[in-house]
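Let's take a walk through this fold, one piece at a time. Have the structure open in your viewer and follow along.

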Amino acid sequence: MTEEFLKCKLGFLGNTEGSAYLSQGKSTVSVSVVGPFEPKASKCMYDRATVDVTFRRKTGSITVHDKMLEGIMQSTCEKALVVEQYPRTTIVVTVQEMQDRGNLLSTCLNASCMALMNSGIAMHHLFAAVSCAVTEKEEIIINPDESQINV
């Protein structure tokens, strides 16, 4: 690993409660957090906040894999946030891919945690993620890039 493996900038977006720009290896994402705010009546839960996570690719349309990433990020964020403290509200987390070079899910999760911390929304705990791959020789590679994944 190099000295500049992990770079993060917090609060760089205006008109959001929290934001984070994170580079992990050669993958980079931008995350914004908006809320809690009053949602439409159809999305309102009376005992807790609704967490809505959206993942956007740099280019192209949404795939099934992207929806899977959204689901993992949403369940992770919901478990970390104190949603009971914000009844009848919505918290929106938007994850924008800037560059994907192999460890996208862990980069998205780490950036989401940093943006939520920056927003000041109450959290039960923080979370972090790391990617790993196992080679045919049963060697473990931590945070593999795309060249190591495609071997």
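Is cysteine 77 buried or exposed? In this predicted model, cysteine 77 is buried, with a relative accessible area of 0%. That value is under the 20% cut-off, which is why the residue gets the label.

Let's stay with the cysteines for a moment. There are zero disulfides in the structure. Cysteine 77 is in none, and the nearest cysteine sulfur belongs to cysteine 113, 8.2 Å away. Turn that around and you get the matching statement: cysteine 113 is also in no disulfide, with the sulfur of cysteine 77 as its nearest, at 8.2 Å. A pair would have to come within 2.5 Å to count, so these two sulfurs don't qualify. Cysteine 113 is buried as well, with a relative accessible area of 3%.

Now for the sheet. Five strands make up an open sheet with mixed pairing, and the order is β1-β2-β3-β5-β4. At the edges sit β1 (6–10) and β4 (50–56), each of which pairs on one side only. From one strand to the next, the twist averages 15 degrees. As a reminder, strands of a sheet pair through backbone hydrogen bonds, either parallel or antiparallel.

Start at the β1 edge. There, β1 and β2 pair in the antiparallel sense over five bridges, and cysteine 8 has leucine 22 of β2 as its bridge partner. Step over to the next pairing and you find β2 and β3, also antiparallel, joined by seven bridges. Here tyrosine 21 stands opposite serine 30 in β3. The hairpin of β2 and β3 has two residues between the strands, and glycine 25 in that hairpin takes a positive phi near 70 degrees. What about the surroundings of β2? Six of its seven residues are buried, so β2 is largely enclosed by the rest of the structure.

β3 has a backbone feature of its own. Proline 36 lies in this strand, and the peptide bond leading into it from glycine 35 is cis, with omega near 5 degrees. If you're setting up a torsion plot, that's one to find.

At the β4 edge, the pairing is parallel: seven bridges join β4 to β5 (residues 90–99). One of the partnerships there links threonine 54 with threonine 94 in β5. Both helices come in at this point. Helix α1 (residues 64–80) packs on the sheet and touches β4 and β5, its direction making about 145 degrees with that of β4. Helix α2 packs on the sheet too, touching β1, β2 (18–24), β3 (27–37), β4 and β5, and its direction makes about 150 degrees with that of β2.

Threonine 94 deserves a second look. It's found in strand β5, and at 17% relative accessibility it counts as buried, because the cut-off is 20%. Leaving aside neighbours within four places in sequence, threonine 94 is in contact with Ser30, Val31, Ser32, Thr54 and Arg56.

What about the nonpolar side of things? The largest nonpolar core has 29 residues, and Met73 and Val95 have the most contacts inside it. The elements giving two or more residues to this core are β2, β3, β4, α1, β5 and α2. Its largest share, seven residues, comes from α2. Zoom in on methionine 73 and, not counting residues up to four places away in sequence, you'll see it touching Val53, Phe55, Val95, Leu105, Cys108, Leu109 and Ser112.

Finally, the loops. Glycine 120 is in the loop between α2 (104–119) and β6 (132–134), and it is exposed, with a relative accessible area of 59%. Its C-alpha atom is separated by 7.6 Å from that of glutamate 17, although the two residues are 103 apart along the chain.

Two more loop residues are worth a click for their backbone angles. Arginine 88, in the loop between α1 and β5, has a positive phi of about 60 degrees although it is not a glycine. At 45% relative accessibility, arginine 88 counts as partly exposed. Glutamate 138 is in the loop between β6 and β7 (140–142), and its phi is near 60 degrees, again a positive value in a residue other than glycine. At 68% relative accessibility, glutamate 138 counts as exposed.

Notes: Residues are numbered from 1 along each chain as its sequence is written. This is a predicted model: local features need pLDDT of at least 70, side-chain atom pairs count only at pLDDT 80 or more; totals for chains, interfaces and linings use all residues. Side-chain values use heavy atoms; hydrogens and water are left out. Helices (H or I, at least four residues) and strands (E, at least two) are DSSP runs, numbered from the N terminus. Buried means under 20% relative accessible area, exposed over 50%, partly exposed in between (1.4 Å probe, protein chains only). Two strands pair if DSSP finds at least two bridges between them. Axes are lines fitted to C-alpha atoms, for helices over the stretch in contact, and angles run from 0 to 180 degrees between N-to-C directions. Contact means heavy atoms within 4.5 Å. A nonpolar core is a set of buried Ala, Val, Leu, Ile, Met, Phe, Trp, Tyr and Cys residues joined through side-chain atoms within 4.5 Å.
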